[in-house]
Amino acid sequence: MSVFARPISSVDKPPSRLMFILEGMRVAPEFAMMVAAMPLLARAPSGDGHPVLVLPGLMGSDGSTVALRTYLARQGFTPHGWGFGRNRRHPPGPAVHPP
């Protein structure tokens, strides 16, 4: 039985309190690393306006990709969030791969 065949309730369990607390403690150091990397990121090649679809990680939403989309816009791309709310799980059915 694959992970995707389990009932939703077993897949979408909330994180433990410890993991929830640790998540909040990571915000400040990760933000500081992003600020420290800004001079290097600013030297990246500029885009030419091409659209970029930014997909959130598992259990993430478009809100979790704001910093990346802002950076891409400043570099000259046209970023778009995926617009489907929280990325909860793989949709039912077989995966579709391009030819």
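Where in the protein does Asn87 lie? Asn87 lies in the segment after strand 2, the strand that spans residues 78-81. This report describes that residue and its surroundings in a predicted model.

## Overall organisation

The secondary structure of the protein comes to 3 helices and 2 strands. Read along the sequence, these elements follow the pattern α-α-β-α-β. The protein has 99 residues, and buried residues make up 9% of them.

Asn87 has a relative accessible area of 16%, and it counts as buried because the limit for a buried residue is under 20%. Its C-alpha atom is 5.5 Å from that of Gly60, although Asn87 and Gly60 are 27 residues apart in sequence.

## The loop between strand 1 and helix 3

Strand 1 covers residues 51-54 and helix 3 covers residues 66-74, and Gly63 is placed in the loop between them. Gly63 is exposed, with a relative accessibility of 54%. Met59 is likewise placed in the loop between strand 1 and helix 3. The relative accessible area of Met59 is 36%, so this residue is partly exposed. The backbone of Met59 has a further feature: its phi angle is near 70°, a positive value in a residue other than glycine.

## Helix 3 and pairs separated along the chain

Val66 has its place in helix 3, and Ala73 also lies in helix 3. Val66 is partly exposed at 42% relative accessibility. For Ala73, the relative accessibility is 42%, and this residue too counts as partly exposed.

The following table lists pairs of residues with their separation along the chain and the distance between their C-alpha atoms.

| Pair | Separation in sequence | C-alpha to C-alpha distance |
|---|---|---|
| Asn87 and Gly60 | 27 residues | 5.5 Å |
| Ala73 and Gly47 | 26 residues | 8.6 Å |
| Gly63 and Gly81 | 18 residues | 8.7 Å |
| Val66 and Val54 | 12 residues | 9.4 Å |

## Helix 2: a salt bridge and a nonpolar patch

Helix 2 comprises residues 17-42, and Met25 is one of its residues. Two charged residues, Glu30 and Arg26, are both found in helix 2, 4 residues apart, which is about one turn of the helix.

Side chains of opposite charge can pair when their charged atoms come close. The side chains of Glu30 and Arg26 meet in a salt bridge, with a distance of 3.0 Å from N to O. This pair satisfies the criterion because a side-chain nitrogen of Arg must lie within 4 Å of a carboxyl oxygen of Glu. The count of salt bridges comes to 1. Glu30 is partly exposed, with a relative accessible area of 40%. Arg26 is also partly exposed, with a relative accessible area of 42%.

Met25 belongs to a nonpolar surface patch of about 660 Å², which is made by Leu18, Met19, Phe20, Ile21, Leu22 and Met25. Met25 itself is exposed, since its relative accessible area is 55% and the limit for an exposed residue is over 50%.

## The largest pocket

What is the volume of the largest pocket? The volume is about 560 Å³. The lining of this pocket consists of 15 residues, and those nearest its centre are Glu23, Arg26, Val27, Glu30 and Ser64. Helix 2 supplies 6 residues, the largest share of the lining. Both partners of the salt bridge, Glu30 and Arg26, are thus named among the lining residues nearest the centre of the largest pocket.

## An aromatic pair

A search of the whole structure finds 1 aromatic pair. The pair is formed by Trp82 and Phe84, whose ring centres are 5.3 Å apart and whose planes stand at 75°, so the arrangement is edge-to-face. The class follows because planes over 60 degrees apart count as edge-to-face. A pair of aromatic rings is described by the distance of the centres and the angle of the planes.

Are the two residues of this pair buried, partly exposed or exposed? Trp82 is partly exposed, with a relative accessible area of 23%. Phe84, by contrast, counts as exposed at 66% relative accessibility.

How values were computed
Residues numbered from 1 in each chain as written. Predicted model: local features only at pLDDT ≥ 70, side-chain atom pairs only at ≥ 80, totals over all residues. Heavy atoms only, no water. Phe/Tyr/Trp six-rings, centres within 6.5 Å; stacked < 30°, edge-to-face > 60°. Buried < 20%, exposed > 50% of the residue type's maximum accessible area, 1.4 Å probe, protein only. Patch = residues over 30% accessible without salt bridge, like charges linked within 9 Å, V, L, I, M, F, W, Y side chains within 5 Å. Areas by Shrake-Rupley, 256 points an atom, 1.4 Å probe, with all protein chains shown as cover. 1 Å grid on protein atoms, 1.4 Å probe; cavity = no way out; pocket = protein on both sides within 12 Å on 5 of 7 lines; lining within 4 Å. Points joined across faces, edges and corners; volume = space filled by probe spheres on them.
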